[in-house]
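Colleague: I would like a close look at a single part of this protein, with enough of the surroundings to see how that part is placed. Could you take me through it step by step?

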Amino acid sequence: MFTINFFYFLKGYVIIKGSGKSVYELINRCSMHGIRIFNVTGGETVKFTVSRKDFFELARLARESHTRIK
């Protein structure tokens, strides 16, 4: 687990806060498109981490699923 987290630290990562009715749909779409998500915490707003290179693809998927991300 340490080596995976260290790898993401070297490559760069983004912490995302998602909100909206279809935030879990966004997570499912990310899985279908091969975007690796880790450190997911749920609730009314979902917080998760993605790699820096996957962020722009995630932003496109968030627009399609009408989910707000910060």
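What follows is a request about helix 3 and one connected reply.

Colleague: Which residues of helix 3 are buried, which are exposed on the other side, and what covers the buried ones?

Modeller: Please keep in mind throughout that this is a predicted model. To place the helix first, the protein has three helices and four strands, which follow one another along the sequence in the pattern α-β-α-β-β-α-β. Of the 70 residues in the protein, 33% are buried, and among contacts between residues at least 6 apart in sequence, 63% join residues at least 24 apart.

Turning to helix 3 itself, its buried residues are Leu-58, Ala-59, Leu-61 and Ala-62. These four lie on the same side of helix 3, because the arc that they cover around the axis is only 165 degrees. The spacing fits a general point about such helices: an α-helix has 3.6 residues a turn, so residues three or four places apart point the same way. On the other side of helix 3, by contrast, Phe-56 and Arg-63 are exposed.

The cover over the buried residues of helix 3 includes strand 1, helix 2, strand 3 and strand 4. Part of this packing belongs to the largest nonpolar core, a set of 12 residues that includes Leu-58, Leu-61 and Ala-62 together with, among others, Cys-30, Phe-48 and Val-50. Helix 2 (23–32), strand 3 (46–51) and helix 3 each supply at least two residues of this core, and the largest share, four residues, comes from helix 2. Cys-30 gives a detailed example of the packing, since beyond its neighbours up to four places away in sequence it touches Ile-35, Ile-37, Leu-58 and Leu-61.

The start of helix 3 deserves a separate word, because Phe-55 counts as partly exposed at 24% relative accessibility, whereas Phe-56 counts as exposed, its relative accessibility being 64%, over the 50% cut-off. A search of the whole structure finds one aromatic pair, and Phe-55 and Phe-56 are its two members, arranged edge-to-face with 5.6 Å from centre to centre and 70 degrees between the planes. Phe-55 also meets strand 1, where Val-14 is placed (residues 13–19): leaving aside neighbours within four places in sequence, Val-14 is in contact with Phe-48, Thr-49, Val-50, Arg-52 and Phe-55. Val-14 and Phe-48 are 34 residues apart in sequence, yet their C-alpha atoms are 8.5 Å apart in space. Val-14 is itself partly exposed, because its relative accessible area of 22% is not under the 20% that would make it buried.

At the far end, helix 3 is followed by His-66, whose phi is positive, near 55 degrees, although His-66 is not a glycine. His-66 lies in the loop between helix 3 (55–64) and strand 4 (68–69), and with a relative accessible area of 68% it is exposed. Asn-39 likewise has a positive phi, near 55 degrees, in a residue other than glycine, but Asn-39 is found in strand 2 (residues 37–41) and is partly exposed, with a relative accessible area of 47%.

How values were computed: Residues numbered from 1 in each chain as written. Predicted model: local features only at pLDDT ≥ 70, side-chain atom pairs only at ≥ 80, totals over all residues. Heavy atoms only, no water. Phe/Tyr/Trp six-rings, centres within 6.5 Å; stacked < 30°, edge-to-face > 60°. Buried < 20%, exposed > 50% of the residue type's maximum accessible area, 1.4 Å probe, protein only. Contact = heavy atoms within 4.5 Å. Core = buried A, V, L, I, M, F, W, Y, C linked by side-chain atoms within 4.5 Å. Arc of directions from axis to C-beta.
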